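Reader: I'd like a close look at one part of this protein, please. Could you pick a helix and walk me through which way its residues face?

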Amino acid sequence: MSRRLRRTRRSWGLRSRNEHGAVAVMVALLMVPLIGFVAVSVDVAALWSQRQQLQTGADAAALAIAADCLRGSCGSPAQTATTLARANLGSGTPTATVTARSPASVTVRNTAAADLVFAPVLGFRSATVTTEAKAAWGAPTGGVGVLPVLLNYCEYSYQTAGGLPASTAERTLLMSQTSVSSCTASWFGDYEPGGFAWSRANHTGCITSTRVGSEVEVGTSTSPPSNGCTEDYVGSLHNRTVLLPVFRSGRGDKNDAHVQVYGYAAFTLTGYNLGSSYTWNSPCSASERCLRGYFTRLDEQSSLFSYGAAPHLGAGFARLTD
């Protein structure tokens, strides 16, 4: 009985020593793939970080170029893309290119080589990372306005100091040639709208449809249109931002005047005196007709308007696209 037990113990010890050796062999065999997994995880994390940096640079460049183009001067898109790619990449030298540009969109592609730390063990010394961003821009090209007012470009330019809206300082727009900007339209004869005039476009009530390049008939009355442009309706526009058609040229006389729509300005209404009981926070005398408010930047799209290549007068958008 004791001899059998000793033999059993000796056989157990032999198997234990054999198994220890097998584990050592397995560990040795698995070291290479384990190192490979470490290499993959570390290098992939580094590549991901670099990709994020390149993507940030591409997004910033696409938006910057779109914003420049929206203002009427695209500048040097390639230089803009290169500058922002370098500014957003932690290390390395990126290559930034503007690969496509249509009248209202731009595509920026950033590329950089990344040196790998552990992957050379597996035969991979470097990798190329490429990212891409697209942006579009546009200004209103036509649509349905909620206030049938036509704005003189001379007045707009005067009130915004010849540029885009830069403050919320309130301005008073006078209807006739008494406008503080001295803007007149001599082709109207003795009826010369300085700041603004009423539109006789295809409107229903106070809603009017216009588009860039189209001609719009100017109303001869100094009062709001009578067919539905009620006091309550005008009152609903208090402190709202509306898009106003802006004209630069026209033809005709006081009885048959037409102006050509140049673009659209965003105007926040804070007061008016439009005659009769159409008065709220009036900034002018009872005998005058005026609007009060401020020109603003409206960086969003209205569902009532279409957008595309048009003069940017403060209403427009520049955004990333898929």
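Author: Happy to. A quick definition to start: the expected span of a helix is 1.5 Å times one less than its number of residues. Keep in mind that this is a predicted model.

Now take helix α2, residues 77-88. With 12 residues, α2 reaches 17 Å from its first C-alpha to its last, close to the 16 Å expected.

So which residues of α2 are buried? They are Pro77, Thr80, Ala81 and Ala85. These cover an arc of only 125° around the axis, which puts them on the same side of α2. The spacing fits a general rule: an α-helix has 3.6 residues a turn, so residues three or four places apart point the same way.

And what does the other face carry? Turned away from the buried side of α2 are the exposed residues Gln79, Arg86 and Ala87.

While you're in this stretch of the chain, have a look at the cysteines that come before α2. Cys69 is joined to Cys74 by a disulfide, with an S to S distance of 2.0 Å. The link between Cys69 and Cys74 is right-handed, at 130° about the S-S bond. How buried or exposed are the two ends? Cys69 counts as buried because its relative accessibility is 8%, and the limit is under 20%. Cys74, on the other hand, is partly exposed, with a relative accessible area of 23%.

Technical notes:
Residues are numbered from 1 along each chain as its sequence is written. This is a predicted model: local features need pLDDT of at least 70, side-chain atom pairs count only at pLDDT 80 or more; totals for chains, interfaces and linings use all residues. Side-chain values use heavy atoms; hydrogens and water are left out. Helices (H or I, at least four residues) and strands (E, at least two) are DSSP runs, numbered from the N terminus. Buried means under 20% relative accessible area, exposed over 50%, partly exposed in between (1.4 Å probe, protein chains only). The arc is that of the directions from the helix axis to the C-beta atoms. A disulfide is a pair of cysteine sulfur atoms within 2.5 Å.
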